[in-house]
Amino acid sequence: YLIILEILFLIVIIFILYGIIKKKVLMPLNVLQKAAHRINTGDFDFEIPHGENEVGQFAASFELMRDEIYENIKTRNLAEKSNKELIAAISHDIRTPVATISAYIEAIKSGVAKDEKRLNKYLDIIYAKSLELKKLTEDLFIHSEINADKLSINKKEVYFKDFIEKMLEPVYLETNNLGITFKLKTDIPDIIVNIDERRISEVFLNIIENSKKYIKENGKIELYFKLRNDRIEVKIKDNGIGIKAEDMPYIFDKFYRGEKSRNKAYGGAGLGLSICKNIIEAHGGEIQIDSLDEVETT
């Protein structure tokens, strides 16, 4: 009789231990198995319950791993989406000037440009379109440098006034040919600055090019300089189509091109202002934008 009681007691103990093991170990492991299966199928929208014991700590680690995998996948998907948008924008931007260049070369070869005046006009158009392609490839190269955290800034001391005057020489000619009034509204500070001339030129020319692209009839672009302690404040103002209020917070984001209906006519991969922001910040400066829709942008 005593042996039977001992056996029954042992069975009860075994059932109790099994219950504890099932609750503390087997059930959490089963939850982890199901969680692993859901992750494997691409489902991350769930939480993994966990306790305070060793298995619970393992479940908590598994939960962190799930979050990291999910974030990595979202980052990868976002990068893929951005790359697709970039490829689409570039394809559009390349197609137009290449088609124009091809058409005008074909016209010259077929003898359409019979006089020197028309030939020069065709060559000017071909040259302008080749500059568009050059600008696009430069933006792509800088974008790739920024993405790889390899944007090189090679500063040296230069006379700011000489640098600006030299940089603006072709701008006066280009804007005049487009019927746009380009004015320097203040004196250029005659001081020595420590900058990367090539990079800062890219900022100026990128912003001015943007102004030219969105300018209206009787367009004007104005350039202002102001010396503030050890910094130079530069303001570029135009009377173009402006920027909508809802677009303002995103204007320096890469690939952002504002209202799609507007941009169909203007093209652009949406890299220019993002590049400007990176270059200015790499110089320890700040860049801001202020705009009134259909009025002006500064």
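In this predicted model, the residues F160, F163, F204 and F225 form one aromatic cluster. Five aromatic pairs are counted in the structure. The rings of Y104 and Y122 lie with their centres 4.9 Å apart and their planes at 75°, and because planes over 60 degrees apart count as edge-to-face, this pair is assigned to that class. The pair links distant parts of the chain, since Y104 belongs to helix α2 (residues 54–109) and Y122 to helix α3 (residues 116–147), with their positions 18 residues apart in sequence. The two partners fall into separate classes of accessibility: Y104, with a relative accessible area of 25%, is partly exposed, whereas Y122, with a relative accessible area of 13%, is buried.

Within the cluster, F160 and F225 form an aromatic pair that is likewise edge-to-face, at 5.7 Å centre to centre and with 85° between the planes. F160 is placed in helix α4 (residues 160–177) and F225 in strand β4 (residues 220–228), so that this pair ties together parts of the chain that are 65 residues apart in sequence. F160 has a relative accessibility of 5% and F225 one of 6%; because buried means under 20% relative accessible area, F160 is classed as buried, and F225 is classed as buried as well.

A further ring is involved in a contact with a charged side chain, in that K235 lies over the face of Y224, at 4.8 Å from the ring centre. In the loop between β4 and β5 (231–238) is found N229, a residue that has a positive phi of about 55° although it is not a glycine. N229 counts as exposed, with a relative accessibility of 79%.

As regards the arrangement of the chain as a whole, the secondary structure comprises seven helices and seven strands, which follow one another along the sequence in the pattern α-α-α-β-α-β-β-α-β-β-α-α-β-β. The chain has 298 residues, of which 31% are buried. Among the contacts in the chain with a separation of 6 or more, 66% are accounted for by residues 24 or more positions apart.

Two helix packings that involve α5 were examined. Helix α5 (residues 197–213) packs against helix α7 (residues 272–282) at an angle of about 150°, with the axes 9 Å apart. Since angles over 145 degrees count as roughly antiparallel, α5 and α7 are therefore described as roughly antiparallel to each other, and their crossing is left-handed. On the side of α5, the residues R199, I200, E202, V203, N206, I207 and N210 take part in this interface, where they meet G272, L273, I275, C276, I279 and I280 of α7.

Helix α5 also packs with α3, at an angle of about 125° and with the axes 13 Å apart. The two helices α3 and α5 are therefore oblique to each other, and the crossing of α3 and α5 is left-handed. Here K135, D139, I142 and E145 in α3 meet R199, E202 and N206 in α5. R199, E202 and N206 thus appear in the contacts of α5 with α3 and also among the residues of α5 that meet α7.

Note on methods
Residues numbered from 1 in each chain as written. Predicted model: local features only at pLDDT ≥ 70, side-chain atom pairs only at ≥ 80, totals over all residues. Heavy atoms only, no water. Phe/Tyr/Trp six-rings, centres within 6.5 Å; stacked < 30°, edge-to-face > 60°. Helix = DSSP H or I, 4+ residues; strand = E, 2+ residues; numbered from the N terminus. Buried < 20%, exposed > 50% of the residue type's maximum accessible area, 1.4 Å probe, protein only. Lys NZ or Arg CZ within 6 Å of the ring centre and 35° of its normal. Axes fitted to C-alpha atoms, helices over the stretch in contact; angles between N-to-C directions. Parallel < 35°, antiparallel > 145°, perpendicular 65-115°, else oblique. Left-handed = near helix turned anticlockwise from the far one by under 90°. Contact = heavy atoms within 4.5 Å.
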